[in-house]
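This report concerns the aromatic rings of the structure shown below and the way they are arranged.

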Amino acid sequence: MTTRNSRSALVCGAGGFIGGHLVKRLKREGFWVRGVDLKLPPFSESQADDFVLGDLRAQEFCREVVDRRFDEVYQLAADMGGAGYIFTGEHDADVMHNSATINLNMLEVCQKRKIRGLFYSSSACIYPEHNQTDPDNPNCSEESAYPAAPDSEYGWEKLFSERLYAAYNRNYQMRNRVARYHNIFGPEGTWDGGKEKAPAAVCRKVAKASNGGEIEIWGDGSQTRSFLYVDECLEGTTRLTRSDFSGPVNIGSEEMVTINQLVDLVSEIAGKKLTKKHIPGPLGVRGRNSDNRLIYQKLGWKPSASLRSGLEKTYEWVEMQVRKDRGHIQVPGHEEVS
Ligand code: NAD
């Protein structure tokens, strides 16, 4: 039960990577937290006061979990994964249907419950492909989203849902907040099995390789990205949720690196000398970087931790998973950036 004066929060997607970290953060801040997901967090026990297992595609279930006026609602649940999941085309219908249904349901139910607003996690994948062909100069300023041309159905669903949240703001006087996350990483993220993203995948490959060995990289490795450590992402997320600014706004890092540089950085952290073998694979856009001018202007905040400091913590955690997993059957890598 909520204690009389504690603030309450609902975290949809609390069994996932960012949602799991968000629950921990909100608990540290003194919130009473309800987490909802199809699954429990795979790597550590949830710290939510109440964790409800269920499917947010069912509106009746959404009504059950939104049984009160939460002070903060974070809608992070989505059918998603790295490039090996999003860019092959094999999951397009599920990705669009599942994620859009969750957003349609949650908005409707929260609006009826007179909740002031939700936080919604959109993605850098909404940005037009034609602005991200030059790896040295990608354009991801917020207004460049239109005319729209995302390179994946995942991105189109995110764009549709951004508009849905904005429409509820206009028509139902809600105060929904929308952030566009750019490649969030950290411990307790998916690190194998097909849904992992580049930092975790690279950490896994480096951890599994022996010094002097070889690791496989999708593409020529000169595609660029920036990666934001999960704690910084949550700082931006809670600041935006509690601000007067509705977004959409980028939450990402401006420290852009090539995938080859990412591999070199992780190898250095691991103290291994490795040769990169470039193989064909799904890649996404050639270049992507966050543009943090708007968030700085509106919230006076931008992330500050270096990529290296986040990778050190992430490598340590992934290496521990690899060690635990040794002796088990290995799943061939699917991964890279989205
Ligand atoms: P994640 O896959 O770890 O977490 C999403 C969670 O949603 C999963 O635990 C999943 O079980 C849950 N979920 C999916 N369908 C559900 C359903 N029908 N009912 C209940 N729960 C359901 O992903 P994440 O990395 O933690 O990302 C969180 C959010 O941030 C997602 O909306 C994602 O699209 C967005 N985002 C993430 C990144 C990133 O780099 N991680 C980048 C851009 C946007």
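## A pair within one helix

In this predicted model, Tyr 168 and Tyr 172 both belong to helix α5 (residues 153-172). Four residues, about one turn of the helix, separate them.

The structure holds six aromatic pairs. For Tyr 168 and Tyr 172, the ring centres are 5.2 Å apart and the planes stand at 35°, so this pair is classed as tilted. An angle under 30 degrees would have counted as stacked and one over 60 as edge-to-face. Tyr 168 is buried, its relative accessible area being 13%, whereas Tyr 172 is partly exposed at 41%.

## A pair between two strands

Phe 185 and Tyr 229 form an edge-to-face pair, with 5.7 Å from centre to centre and 70° between the planes. Phe 185 is part of strand β7 (residues 184-185) and Tyr 229 is part of strand β10 (residues 228-229), so the pair ties together parts that lie 44 residues apart in sequence.

Is each of these two rings buried or exposed? Phe 185 has a relative accessible area of 5% and is buried. Tyr 229, at 10%, also counts as buried because the limit for that class is under 20%.

## A cluster and a charge over a ring

Tyr 74, Phe 119 and Tyr 181 are linked into a cluster by ring pairs.

A contact of another kind involves Tyr 296: Lys 302 lies over the face of this ring, at 4.7 Å from the ring centre.

Notes
Residues are numbered from 1 along each chain as its sequence is written. This is a predicted model: local features need pLDDT of at least 70, side-chain atom pairs count only at pLDDT 80 or more; totals for chains, interfaces and linings use all residues. Side-chain values use heavy atoms; hydrogens and water are left out. Rings of Phe, Tyr and Trp (its six-membered ring) pair if their centres lie within 6.5 Å; planes under 30 degrees apart count as stacked, over 60 as edge-to-face and the rest as tilted. Buried means under 20% relative accessible area, exposed over 50%, partly exposed in between (1.4 Å probe, protein chains only). A charge sits over a ring if NZ of Lys or CZ of Arg is within 6 Å of the ring centre and within 35 degrees of the ring normal.
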